[in-house]
Amino acid sequence: MAAEGGGAPHGGASSASSDEESVPTAAEELAAQKREERLRKFRELHMKRNEARKLNHQEVVEEDKRLKLPANWEAKKARLEWELKVEEKKKECAAKGEDYERVKLLEISAEDAERWERKKKRKNPDLGFSDYAAAQLRQYQRLTKQIKPDMEKYEKLREENGEELYPTANSLLHGTHVPCKEGVDRMVTDLEKQIEKREKYSRRRAYNDDADIDYINERNAKFNKKAERFYGKYTAEIKQNLERGTAV
């Protein structure tokens with residue numbers, strides 16, 4: 001009986017020890033928390049690395065697009081944006097019944113107006129004939145300033161074509177654009193004006209039968225006219241004395 005009674009405490013001790021083994025200690029809980037914290041930081045670093053890789057790839061693509069654009073693309077883009085803002089401002093003034101030029105002048109400060117006036121005075125667009133390349137450049141700049149782009153049509157083309165609207169070295173443009181009838185008529189009118197203006201400058205001078213013949217050929221006649229134009233007022237008296245025969 002004593003042996004049987006002593007067996008009960010022995011069994012209770014073994015169950016108590018198994019319960020203590022199943023309950024984690026404070027050190028184990030602290031180690032699990034640290035491990036979970038490290039895993040959380042690792043996942044955050046992994047997500048940040050993927051995000052940085054994605055941003056770098058996007059920046060590389062954008063840089064490649066910028067390198068393929070023309071050298072003066074930023075200036076052209078800024079100019080087009082400024083013209084678009086001007087057109088929107090004109091429409092807004094027209095809707096309100098206001099004069100755009102007056103509104104524009106009211107928004108300009110006195111300092112900016114003075115600076116623009118000084119710059120306009122310093123600028124001399126026509127420096128005279130230096131060479132044919134400079135003359136051709138002046139004519140090109142004069143003609144391009146007269147062009148008034150249709151911003152509504154430009155925006156429509158940009159929406160339809162997207163990035164293909166801006167050509168690159170690999171773009172095939174021949175035969176892809178058909179100009180409108182208004183554009184062709186405008187070009188023809190401009191060319192006719194240029195031809196008419198050119199004919200005025202290159203017209204042949206009328207021949208005067210009563211003029212004195214003081215030349216031996218056409219080239220000598222041109223030279224004498226230039227000499228008369230520059231030195232005629234200084235040699236008029238000498239010429240008259242020679243004609244009267246009273247020259248000394």
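The exercises below, each with a worked solution, concern a predicted model.

**Exercise 1. Overall make-up**

Determine how many helices and strands the protein has, and what share of its residues counts as buried.

Solution.
- Step 1. The secondary structure comes to nine helices and zero strands.
- Step 2. Written in sequence order, the pattern is α-α-α-α-α-α-α-α-α.
- Step 3. The protein has 248 residues, and 6% of them count as buried. Buried here stands for a relative accessible area under 20%.

**Exercise 2. A salt bridge in helix α2**

Describe the contact between the side chains of Arg40 and Glu44, and place both residues in the helix.

Solution.
- Step 1. Arg40 and Glu44 form a salt bridge, with an N to O distance of 2.7 Å. The distance meets the criterion, since a salt bridge requires the nitrogen within 4 Å of a carboxyl oxygen.
- Step 2. Both residues belong to helix α2, which covers residues 26-68. Because Arg40 and Glu44 are four residues apart in this helix, about one helical turn separates them.
- Step 3. Arg40 is partly exposed at a relative accessible area of 35%, and Glu44 is also partly exposed, at 37%.

**Exercise 3. A second pair in helix α2**

Find the salt-bridge partner of Asp64 and state how many residues apart the two lie.

Solution.
- Step 1. The partner is Lys68, with 3.3 Å between the closest N and O atoms.
- Step 2. Asp64 and Lys68 are four residues apart in helix α2, about one turn of the helix.
- Step 3. The relative accessible area of Asp64 is 37%, so Asp64 is classed as partly exposed.

**Exercise 4. A pair in helix α3, and a network**

Work out the spacing and exposure of Lys96 and Glu92, then name the residues joined into one network by shared salt-bridge partners.

Solution.
- Step 1. Lys96 and Glu92 make a salt bridge in which the closest N and O atoms are 3.4 Å apart.
- Step 2. Helix α3 spans residues 73-96 and holds both. Lys96 and Glu92 are four residues apart there, so about one helical turn lies between them.
- Step 3. Lys96 is exposed, at 55% relative accessibility, whereas Glu92 is partly exposed, at 38%.
- Step 4. Through shared partners, salt bridges link Glu37, Arg40 and Glu44 into one network.
- Step 5. The structure holds ten salt bridges.

**Exercise 5. Surface patches**

Identify the residues of the negative, positive and nonpolar surface patches, and locate one member of each.

Solution.
- Step 1. The negative patch gathers Asp212, Asp214, Glu228 and Glu243. Among them, Glu228 lies in helix α9, residues 218-244.
- Step 2. Patch members need over 30% relative accessible area. Glu228 has 46% and counts as partly exposed.
- Step 3. The positive patch consists of Lys222, Lys225, Lys226 and Arg229. Lys225, one of these residues, is in helix α9 and is exposed, with a relative accessible area of 56%.
- Step 4. Val184, Met187, Val188 and Leu191 make a nonpolar patch of about 310 Å². Val188 belongs to helix α8, residues 181-201, and is partly exposed at 37% relative accessible area.

**Exercise 6. Cysteines and disulfides**

Count the disulfides, and decide whether Cys93 and Cys180 are buried or partly exposed.

Solution.
- Step 1. A disulfide needs a pair of cysteine sulfur atoms within 2.5 Å. The count by this rule is zero.
- Step 2. Cys93 has a relative accessible area of 3%, so Cys93 is buried.
- Step 3. Cys180 has 30%, so Cys180 is partly exposed.

**Exercise 7. A contact across the sequence**

State where Met151 lies, whether Met151 is buried or exposed, and how far its C-alpha atom is from that of Glu83.

Solution.
- Step 1. Met151 is part of helix α7, which covers residues 151-161.
- Step 2. The relative accessibility of Met151 is 7%, so Met151 counts as buried.
- Step 3. Along the chain, Met151 and Glu83 are 68 residues apart. In space, 8.2 Å separates their C-alpha atoms.

How values were computed
Residues numbered from 1 in each chain as written. Predicted model: local features only at pLDDT ≥ 70, side-chain atom pairs only at ≥ 80, totals over all residues. Heavy atoms only, no water. Patch = residues over 30% accessible without salt bridge, like charges linked within 9 Å, V, L, I, M, F, W, Y side chains within 5 Å. Areas by Shrake-Rupley, 256 points an atom, 1.4 Å probe, with all protein chains shown as cover. Lys, Arg positive; Asp, Glu negative; His and termini not counted. Charge placed at Lys NZ, Arg CZ, Asp CG, Glu CD. Buried < 20%, exposed > 50% of the residue type's maximum accessible area, 1.4 Å probe, protein only.
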